[in-house]
Amino acid sequence: MKRISRFRRHKAAAPLLLIFALLGIGGTFSVASATTANEMSAVERSTLIEEGRQIFLKGCSSCHGLNAEGVSVAPSLIGVGAASVDFQVGTGRMPMADMSTQAMRKAPVYNDEEVAALAAYVASLAPGPEIPGMELLNFERDGSTAEGGELFRNNCAMCHNFAGQGGALTQGKYAPTVMGVLPKHIYEAMVTGPQAMPVFNDKTITPEEKLSIIKWIKSAEAEPNLGGASLGRVGPVTEGLLAWTLGLGLLIGVAVWLATKAK
Amino acid sequence: MSSQLEPIKDPGLPAHVHRKTDTDPKAADRAERQVAAMFGISALGTVLLIISYVFIPDDVFVFIPIMGNQNAHQLGLGLGMAIALFFIGLGAIHWAKTLMPDQEVVMQRHEFRSPEQDRKDFVDTVKEGAASSGLGRRSLIKRSLGAALGLSALSPILLLRDLGPLPGPEQKKTNWKSGTYLVTDPGDRRIKASDLEVGSVAQVMPEFADPKDRHLDDIAKDALLLIRLRPSEFNLEPDRLAMTHEGIIAFSKICSHMGCAVALYEQTTKHLLCPCHQSTFDVTRAAKVIFGPAARPLPQLDITVDDEGYLIARKPFSEPVGPSFWGREKS
Amino acid sequence: MTVEAKLGQVANYVDERTGAAAFLKKSLKKVFPDHWSFLLGEVALYSFVILLLSGTFLTFWFDPSMREVVYEGAYQPLEGVKMSAAYASALHISFEVRGGLLMRQIHHWAALIFMAAIVAHLLRVFFTGAFRKPREGNWIIGVGLLTLGIVEGFLGYSLPDDLLSGTGIRIAEAIIQAIPVVGSYLSYFAFGGVFPGELFIPRIYIVHVLLLPGAFLALITVHLMLVWYQKHTQYPGPGRTEKNVVGYQLMPMYMAKAGGFFFIVFGVTAFLAAVASINPIWLYGPYTPAQISAGSQPDWYMGWLDGLVRMAPPIETYFFGYTVSWNILIPGLIIPGILFTGMALYPFIESWITGDKREHHLLDRPRNAPNRTALGAMSLTFMMVTLINGGNDLIATHFDLSINQIMWGTRFGVLILPPLAFIITKRLCLSLQRADRELVLHGRETGRLLRMPSGEFVEVHEPISPEKAFILTSHEQMPALDLPAVDARGVKRAGALKNKLRARLSKANAEAVPKVSVEDLKEIENH
């Protein structure tokens, strides 16, 4: 019995859609896949680093210092590695728009080439975690959903919630949702520990285990609503709200109608 | 009630206003058709339920705006059932409202208190009965009966004694012993101190010869959180500092407040947060409580490394882990 | 044969075997007043029936065992995961029993609506004074049902043994352990040893499906029999007095309406279960004590308790070397204990304050009992503040606040806002009384202006209907109790302090805007 094993579209789906679809049509969410970087020569690499340095001087040095040594408002980037840059800049967290709040995910300011150049520059300052290559990130092949779920609940759910929807931290900080994040960015977050997030070493959570976590996250992301609208997958709070508003609200509505005299 | 003279006289029940269905046979027929239509819709709901049960496999998903991808089987069953039931109710109520006589009826109420004589007789009977039994006079009977009844209530308490064992030393002990290896959870791999870099955390358990022997009872006490800081970041008493190893500090993951897993570690602030009741612990100060309802720091485990550099416990926990209880000594 | 004739035969058949004709005839002619707020209790009753039906369905497959199994069911993301048989069977119901998930969701939604309806019903009864003599006993039964409902609901969502429910049990265990002297013993007895053991789920299962439903059935039966026997209360209005009930007879009007309403409640519950997911246990994962999810909250009716525990001050003291966890005892046992005891005793407290020992069948308009209404508003405010803190983490992330701010806000709020709500509500009630008085004396403002011969403009007031005027003036205004500290012979009475307190409360309770009197009306006429 593997009835829920794959969430395929059935041939009856089209007519059913006509029956059920109340308004409009559905859209699908597709995850853009990142392009793989090819091997490059030393010359190409040094031009890339120089390119990155120029971008850094223009866009980053005012906070992180001319040599990325860090100043009071922003940390040193020496030794953070290319993975950290790829995560922070690639997810739009850096450059920060507003220093008063936590760096949040937004549309990236730099394009893929510029991010690669910046990463190469920062990586050239001192060794650090590298950007995981596409061949490493084959989570569909190397990961296990069930094991990933256990690892996620053990290591991630306390901040990011049981379904990866994110949650509150102290003093207004928060753990963001992990839904819709590129696999490489999830991987980079685990190895670099961005913002308040701690680092998850390769020895305590092996690369294979990390892929399992990613596989589970992607499975949770793709999982359709098995029991009706998800209500945000945040637990009983929204359920209680709906029970009072829609549930008791509807019933009181009918009760009022019931108790009014017919004309 | 005399002081409460009603300033405005009770105008009495308003006159009954006839409904359209009372006066117009056509309206009544229309109402009948409406009721029948509602019952008809209900029947369609049951048909939908049957169709969904028999013909829609449970791995079909349809997209519905706002709600997202829905399981068609579940949705069909549920909506079918909802329609079937809801419209029976709607029809019945509409029927009652439009076609059943809606003249309001007045029913008289009577005071519950019986007529004076009856009440007096009743009270007297009770008193007489009590007196003739001698309950008041024969205090020996009264007292011994009370004692016997009270004592007999002990038997269920006594018989429930075997619900569980009495609290024993295991209440205050964990599986952490001197020399126990720290292993990853899940994975059960030993950890070297060098495996952890600054800013990292690891969820660990004590090593079991056979990890299959590790049950929830063990996890409930043994779960440990390992955090690595720069040694300079600590602000610890010397004895507590000695319990760390090269910046690696180990705390019980079981909250000292109500036993939830405390594991929200913020690398930036070095704070640990419990998601259940938001107790916040400062890792640099031996998990001192800095916010929330917890009253005690998380117990710290004394750790070191063996000859090969694997992390081991130097000593068991010096205090019970988890929430407080009466018999827990002050630590 | 016509339907009427057939039913007549049935009635005859029943009477020949029971001799209950007189009683049944009276019962069928029983009159029930019609008002939407009288249906809130019915929602609770019907939800209970839905809970029994859907719950029975679930028991056919649920395996209340904490035996460890390896999952091999239809939900692939958990395949091969170790879990309890209880959790595995709950997953089986959700994914392999057709309609099982729908039934699980109906059961859970019905539970939430059951509790919501009980609370709404309780508020209606409280604010209208329906608990007064002769209904004090039924009020206490109602408070008992509310308490049982909270416990039953908690046990229910603990049964599937998922990560969230296990966390709830863990917290319950901490509360049990915190009870002075016997805490550890009680916890060991409940769990059959250390937490979590292997006995707790089977034990609470039998409590959840047999013991408490049995208690519910017994209490609900008594609750309804008392309503039946004492007859329903009614709102004041023309033709409605303390001595009568105005409404529709049971047969056929009320039967059709109440019977129809059962299907409405069932239908709405099924609708919610069809369109909205509730307690997606497969996402939570199996319980293990080392895991936790951000935003772990109980169901809504426990939310206030959780919020209270969160805001508690971190106090633990030692008593001859023994630990007393005030941070758990105060919010977890002492405050709920005081609240529920106070609630159960309220009818007696109120009648002690007013000295009113008469029967009441006409309901109060909330504004005409300002103290009671204010007290209700105060309790509601307390509950709301604590409930908000129970969801502070979600509120923080959704409204860009910090949990620390909300925590401090509610810590102060829980002390300041309820008394404030009391004062404001009382003032509001008195203002509304004043408005009622104005309305009776001077009529309704029409908005039409009239120019007087003197050139002055006045607004035309239209007298209100006699029915309306009657409703606004028919209530009773009780004077404060006269409780002199000394008796007629100048001797100090016993219990002077108690008397003083009673006199003060009575005085505060009697505060009102005098309703329109006969003299007032005469004066108006003379103008």
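Two strands pair if DSSP finds at least two bridges between them. Keep that in mind for the views below, which come from a predicted model.

**View 1. Strand 7 of chain B sits between two pairing partners.** On one hand, strand 6 (residues 224-228) of chain B runs antiparallel to strand 7 of chain B, with five bridges joining the pair. Look for Leu225(B), which stands opposite Phe251(B) of strand 7. On the other hand, strand 7 of chain B also pairs with strand 12 (residues 300-301) of chain B, again in the antiparallel sense, over two bridges. Here Ala250(B) has Leu301(B) as its bridge partner in strand 12.

**View 2. The residues of strand 7 of chain B, buried on both faces.** In a regular strand, side chains alternate between the two faces of the sheet. In strand 7 of chain B, Ile248(B), Ala250(B) and Ser252(B) point one way, while Ile249(B) and Phe251(B) point the other way. Are these residues buried or exposed? All of them are buried. With five of its five residues buried, strand 7 (residues 248-252) of chain B is therefore largely enclosed by the rest of the structure.

**View 3. A strand pairing that links chain B to chain C.** Strand 3 (residues 105-108) of chain B meets strand 4 (residues 244-249) of chain C, and the two pair in the antiparallel sense over four bridges. To find your place, start at Val105(B): across from it stands Gly247(C), in strand 4 of chain C.

**View 4. Where chain C touches chain B.** Pull back from that pairing and you can take in the contact between the two chains, with 94 residues from chain C and 81 residues from chain B. Which element of chain C gives the most to its side? That would be helix 10 (residues 250-275) of chain C, with 18 residues. Sorted by class, the chain C side has 53 nonpolar, 29 polar and twelve charged residues.

**View 5. A stretch of chain C with a UniProt label.** An unreviewed UniProt entry lists residues 10-236 of chain C as "domain: Cytochrome b/b6 N-terminal region profile". Over that stretch, the chain is 69% helix and 4% strand. The C-alpha atoms at the ends of residues 10-236 of chain C are 39 Å apart.

**View 6. Chain A and its elements.** Chain A has eleven helices and two strands. Follow chain A from the N terminus and the elements run α-α-α-α-α-α-α-α-β-β-α-α-α. Of its 263 residues, 46% count as buried. Among the contacts in chain A with a separation of 6 or more, 67% are between residues 24 or more positions apart.

**View 7. Two domains of chain A.** Chain A is divided into domain 1 (43-131) and domain 2 (132-223). How far apart do the C-alpha centres of these domains lie? They are 22 Å apart. Where the domains touch, 15 residues of domain 1 are in contact with twelve residues of domain 2. The domain 1 side divides into seven nonpolar, six polar and two charged residues.

**View 8. Chain A against chain C.** This contact takes 56 residues from chain A and 61 residues from chain C. Several elements of chain A each supply at least two residues to its side, including helix 7 (145-155), strand 1 (167-168) and helix 10 (207-222). Helix 11 of chain A gives the most, with 18 residues. By class, the chain A side splits into 31 nonpolar, 19 polar and six charged residues.

Methods. Residues are numbered from 1 along each chain as its sequence is written. Chains are lettered from A and ligands numbered from 1 in the order in which they are written. This is a predicted model: local features need pLDDT of at least 70, side-chain atom pairs count only at pLDDT 80 or more; totals for chains, interfaces and linings use all residues. A residue is buried if 20 or more other C-beta atoms lie within 10 Å of its own, exposed if 12 or fewer, and partly exposed in between; C-beta atoms are placed from the backbone. Two residues are in contact if their C-beta atoms, placed from the backbone, lie within 7 Å. Ala, Val, Leu, Ile, Met, Phe, Trp, Tyr, Cys and Pro count as nonpolar, Asp, Glu, Lys and Arg as charged, and the others, Gly among them, as polar. Domain bounds come from an automatic or database domain assignment. UniProt positions are given in the numbering used here, feature names are shortened, and annotations may be inferred rather than shown by experiment.
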